[in-house]
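Here is a short guided tour of a protein model, written to be read with the structure open beside it. Take a moment to load the view, and then we can begin.

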Amino acid sequence: MAAPGENLRIDGERLWDSLMEMAKIGPGVAGGNNRQTLTDADAEGRALFQRWCEDAGCSMGLDTMGNMFARREGTDPDALPVYVGSHLDTQPTGGKYDGVLGVLGGLEIVRSLNDLGIRTKRPIVVTNWTNEEGTRFAPAMLSSGVFAGMHAQDWAEDRTDAEGKRFGDELDRIGWRGEEPVGTREMHAFFELHIEQGPILETEGKDIGVVTHGQGLWWLQVTLTGKDAHTGSTPMEMRVNAGLGMARITEAVHRIAMDHQPNAVGAIGQANVYPNSRNVIPGKAVFTIDFRSPDLDKLNAMRDRLETEAAEIAETLGLGIEIEPVGHFDPVTFDTGCVAAIRDAAERLGYSHRDIVSGAGHDACWINRVAPTAMVMCPCVDGLSHNEAEEITKDWARAGADVLMHAVVDTAEIVA
């Protein structure tokens, strides 16, 4: 079958207007968004997305983890659909594009095909995955993980936020739990558009990242237990300082990642000390280590070394220590056919492109386990993401969505 013609393009202005309209829901304090999963703002964003999808002639499916599936029918009722999407939830200080571009880019494909009167053999389904960010309920990509059989649903629904609220209870509270069993849908393929969240594409002046692999990840939650004591009256040699232990482990994380170069990263991003008073030596510290690499051996070696060195640090300081894995996935190799569809689309449309490894986790990393999957990336300014200052240009958004549409439509097969 002939590939879509290079004149097939999305409506860039409409896509941008949709991004800006969604950004009004759950505004942040500095120009971005705080639309965390299963909050009232998340429910409002979902309702807007559903209304837009229904206006575009789609039917909406909803499963028991709150995953949303907007379906545009194909001409063959027996053909497996091509899925496309990402997530609408954000970090507490998130940007307007992370995840949202992938969902609304998928919707724009449907709208543009409607405008042009183009039918496809296979249905196209635009997806919003619940709780991709994992900032409120760890781990990240929770609901796509349940869909792909990587997590048990009961376990996922028992995840709690910082206030002790359960995922399952909050899903019920906002009214976005469906009746469809999770993971029963069969996919012909899945495509996800996302901002890069790194500086490579912008630095090299490339329009498109063709994502061939995704980094693996270990999230390790460390709890150090010492003794609360007055900072002014406790002699230095008599302290059992959990904060000091956290500081030394923080340095160890950096050193371990540097010792595993190239293609390895590590940092502590979430940290709390207790009782968190200016004149009390911390008796407890809880923090999360994030190690990533596209090399599985390196990834596991960093975890093993950290666990050894952290235990030695705790013993030296007289601290109790517990280390719990709270997030993990192995490195991902995306489907060669889907990757080729993206690369071919970029070349057909005349966009500069390069192969790239995703430094962040995405729902596509889990869906890749159950269906042929690949990702498209567009640049973001200074590589900044998970920050309210996150920014992209209209041209970058348009190029990414153009390539996404060609890959999706080519896979879904245009009907003459």
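## Starting in a loop

Let's begin at histidine 386, which is partly exposed, with a relative accessible area of 39%. This is a predicted model, and in it histidine 386 sits in the loop between strand 15 and helix 12. Its phi is near 55 degrees, a positive value in a residue other than glycine.

Aspartate 382 belongs to the loop between strand 15 and helix 12 as well. The phi of aspartate 382 is also positive, near 60 degrees, and again the residue is not glycine. Aspartate 382 is exposed, since its relative accessible area of 62% is over the 50% cut-off. Alanine 389 is another residue of the loop between strand 15 (373-378) and helix 12, and at 48% relative accessibility it counts as partly exposed. Follow the chain back from there and you will find a partner distant in sequence: alanine 30 is 359 residues away along the chain, yet the two C-alpha atoms are 7.4 Å apart in space.

## Two domains and their interface

Stepping back, the domain assignment divides the protein into domain 1 (12-215 + 331-415) and domain 2 (219-326). Their C-alpha centres are 34 Å apart. Where they meet, 9 residues of domain 1 contact 9 residues of domain 2.

About 650 Å² is buried between domain 1 and domain 2, with carbon and sulfur atoms giving 63% of that area. On the domain 1 side, Pro139, Gln215 and Pro331 stand out: they supply 61% of the area that domain 1 buries against domain 2, more than any other three residues. By class, the side of domain 1 that touches domain 2 has 5 nonpolar, 3 polar and 1 charged residues. Across this interface there are 0 salt bridges, and 1 residue pair is in polar contact.

## Two cis prolines

Proline 139, one of the three residues just named, has a further feature: a cis peptide bond joins alanine 138 to proline 139, with omega about 5 degrees. You will find proline 139 in the loop between strand 4 (124-128) and helix 4 (142-147).

Another cis peptide bond runs from glutamine 261 to proline 262, where omega is near 0 degrees. Proline 262 lies in the loop between helix 8 (242-259) and strand 9 (265-274).

## Two buried loop residues

Now look at histidine 362, in the loop between strand 14 (353-358) and helix 11 (363-367). Histidine 362 is buried, because its relative accessible area is 0% and the cut-off is under 20%. Its side chain makes a polar contact of 3.1 Å with the side chain of serine 358. Beyond its neighbours within four places in sequence, histidine 362 is in contact with Glu132, Met141, Glu192, His194, Gln197, Met375 and Met377.

Aspartate 63 is likewise buried, with a relative accessible area of 0%, and its place is in the loop between strand 1 (59-62) and strand 2 (68-72). A polar atom of the aspartate 63 side chain lies 3.0 Å from the backbone nitrogen of asparagine 67. Leaving out residues up to four places away in sequence, aspartate 63 touches Phe69, Phe147, Arg177, Gly178, Glu180, Pro181 and Val182. For a sense of scale, aspartate 63 and glutamate 251 are 43 Å apart, C-alpha to C-alpha, and 188 residues apart in sequence.

## Salt bridges

How many salt bridges does the structure hold? The count is 29. One of them joins glutamate 13 and arginine 398, whose closest N and O atoms are 4.0 Å apart. This pair links distant parts of the chain, with glutamate 13 in helix 1 (residues 12-23) and arginine 398 in helix 12 (residues 394-412), 385 residues apart. Glutamate 13 is partly exposed at 39% relative accessibility, and arginine 398 is partly exposed at 23%.

Glutamate 180, met above as a contact of aspartate 63, forms a salt bridge with arginine 185 at 2.6 Å, N to O. Arginine 166 and aspartate 158 also meet in a salt bridge, at 2.9 Å. Both ends of that pair are partly exposed, arginine 166 at 25% and aspartate 158 at 42% relative accessibility. Finally, have a look at Asp40, Arg136, Asp161, Glu170 and Arg173, which are linked in a network of salt bridges.

Key:
Residues are numbered from 1 along each chain as its sequence is written. This is a predicted model: local features need pLDDT of at least 70, side-chain atom pairs count only at pLDDT 80 or more; totals for chains, interfaces and linings use all residues. Side-chain values use heavy atoms; hydrogens and water are left out. Domain bounds come from an automatic or database domain assignment. Contact means heavy atoms within 4.5 Å. Buried area is the accessible area (1.4 Å probe) that two parts lose on being put together, summed over both. A salt bridge is a side-chain nitrogen of Lys or Arg within 4 Å of a carboxyl oxygen of Asp or Glu. A polar contact is a pair of N or O atoms within 3.5 Å; within protein, one must be able to donate a hydrogen and the other to accept it, and residues adjacent in sequence count only if both atoms are side-chain atoms. Ala, Val, Leu, Ile, Met, Phe, Trp, Tyr, Cys and Pro count as nonpolar, Asp, Glu, Lys and Arg as charged, and the others, Gly among them, as polar. Helices (H or I, at least four residues) and strands (E, at least two) are DSSP runs, numbered from the N terminus. Buried means under 20% relative accessible area, exposed over 50%, partly exposed in between (1.4 Å probe, protein chains only).
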